[in-house]
Amino acid sequence: MPELPEVEVTRRGLAPHLRGRVISAVEVREPRLRWPVPNAVRGLAGRTVRTVRRRGKYLLVDCGDGHLILHLGMSGSLRMLPPGTPAEKHDHFDLVLGDRVLRLRDPRRFGAVLWTSEAVEAHPLIANLGLEPLSRALHPARLHALTRGHGIAIKLFLMDGRRIVGVGNIYASESLFRARIDPRTPAKRLSLERCTRLSKAIKDALNAAIRAGGSTLRDFVGAEGDAGYMQNRFWVYDRAGKPCRRCRTPIKRIVQAQRSTFYCPGCQK
Ligand SMILES: [Zn+2]
């Protein structure tokens, strides 16, 4: 499943190809995605793309009088292609911009292509998202205040998108390792000092993944994407039994809310 870093890498890859360009045509081959693609999307030709922003794992294509809202779901990918590139089975949506085409491929069809002409921040999918982890909205005092009164394990707290958005299973484990915090610690027990380490660790873990993905930016033009590009860079994720890269203690795997958590018993106390 694409996580926040992949979505941000996608945004950075696409933005230069979309910004300032006129939408010349729209093709919806399969409207039955996670939600039906609204008819308004077919009528976007003639608009100019101003910019592409991201909120959580949603890409927001600003068209001046409204936003195209894109989500990659479980298996979606977006690529820029030359016009006339034959569509394959799972290529459900094209945004044509003159001499280039933005194409959504989504085999499992949990992705989304939506349109809103209202304020995008007020859209039902966007309005209730938690803090944006890479923005200044997430800072030590805010994280400390957010965690007060919550007895759930900090790993599960981090994965709750109503509080902080986009820290999925992988980056919750990675952030807690970087902050040297045991993933089972009740959220409300974190001191301000540990919240300071953790808010920085969340940003560092996500930014490291985005940097690792940056080398694949050219894949957005024409070539097939490579989803496996970050696998060898994890500190703890999917490394059960292997020596900690910092202290050599074997990495442990536990299960929290039916999801695997990886941590180092030596570094995370
Ligand atoms: Zn360690």
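A residue is called buried here when its relative accessible area is under 20%, exposed when that area is over 50%, and partly exposed in between, using a 1.4 Å probe and protein chains only. Helices (H or I, at least four residues) and strands (E, at least two) are DSSP runs, numbered from the N terminus. The model is a predicted one, in which local features need pLDDT of at least 70 and side-chain atom pairs count only at pLDDT 80 or more, whereas totals for chains, interfaces and linings use all residues. Residues are numbered from 1 along each chain as its sequence is written, and side-chain values use heavy atoms, with hydrogens and water left out.

With these terms in hand, helix α1 is a convenient place to start. Of its 15 residues, 13 are buried, so α1 is largely enclosed by the rest of the structure. The helix covers residues 4-18, and its end C-alpha atoms lie 20 Å apart; this agrees with the 21 Å that 15 residues should span at 1.5 Å a residue, the expected span being 1.5 Å times one less than the number of residues. After α1 comes glycine 20, with a positive phi near 80°.

Helix α1 also takes part in the largest nonpolar core. Such a core is a set of buried Ala, Val, Leu, Ile, Met, Phe, Trp, Tyr and Cys residues joined through side-chain atoms within 4.5 Å. This one has 28 residues, of which Val41, Leu68, Leu70, Phe93, Leu102 and Val113 touch the most other members. At least two residues each are supplied by α1, β1 (25-28), β3 (58-62), β4 (67-71), β5 (77-81), β6 (91-97), β7 (100-105) and β8 (112-116). The largest share, four residues, comes from α1. For valine 113, contacts (heavy atoms within 4.5 Å) beyond its neighbours within four places in sequence are made with Leu33, Val37, Pro38, Val41, Leu68, Ile69, Leu70, Phe93 and Leu104. A second, separate core has 25 residues, including Leu131, Leu158, Leu198 and Ala201.

Another helix, α5 (169-178), is likewise worth a look. Nine of its ten residues are buried, so α5 is largely enclosed by the rest of the structure; among these buried residues are Asn169, Tyr171, Glu174 and Phe177.

Backbone angles come next. Most residues other than glycine have a negative phi. Arginine 180, just after α5, takes a positive phi of about 60°. This arginine lies in the loop between α5 and α6 (192-214) and counts as partly exposed at 39% relative accessibility. Arginine 109 has a positive phi of about 60° as well, although it is not a glycine. Its place is the loop between β7 and β8, and with a relative accessible area of 32% arginine 109 is partly exposed.

Finally, there is a metal site. Donors are N, O and S atoms within 2.8 Å of the metal (3.2 Å for Na, K and Ca); water is not among the atoms, so sites may look incomplete. The zinc ion has as protein donors the SG atoms of Cys244, Cys247, Cys264 and Cys267, at 2.2 to 2.4 Å. Along the chain these donors follow the spacing C-x2-C-x16-C-x2-C. Angles among the four donor atoms run from 98 to 116°, and the site is tetrahedral, a label that four donors receive if all angles lie between 85 and 135 degrees. Ideal angles for four tetrahedral donors are 109.5 degrees. Cysteine 244 is buried, with a relative accessible area of 0%, and cysteines 264 and 267 are buried too, while cysteine 247 is partly exposed at 32%. With a disulfide defined as a pair of cysteine sulfur atoms within 2.5 Å, the count of disulfides comes to zero.

Methods. Four donors count as tetrahedral if all angles lie between 85 and 135 degrees; four count as square planar and six as octahedral if opposite donors are over 155 degrees apart and all others between 65 and 115; anything else is irregular.
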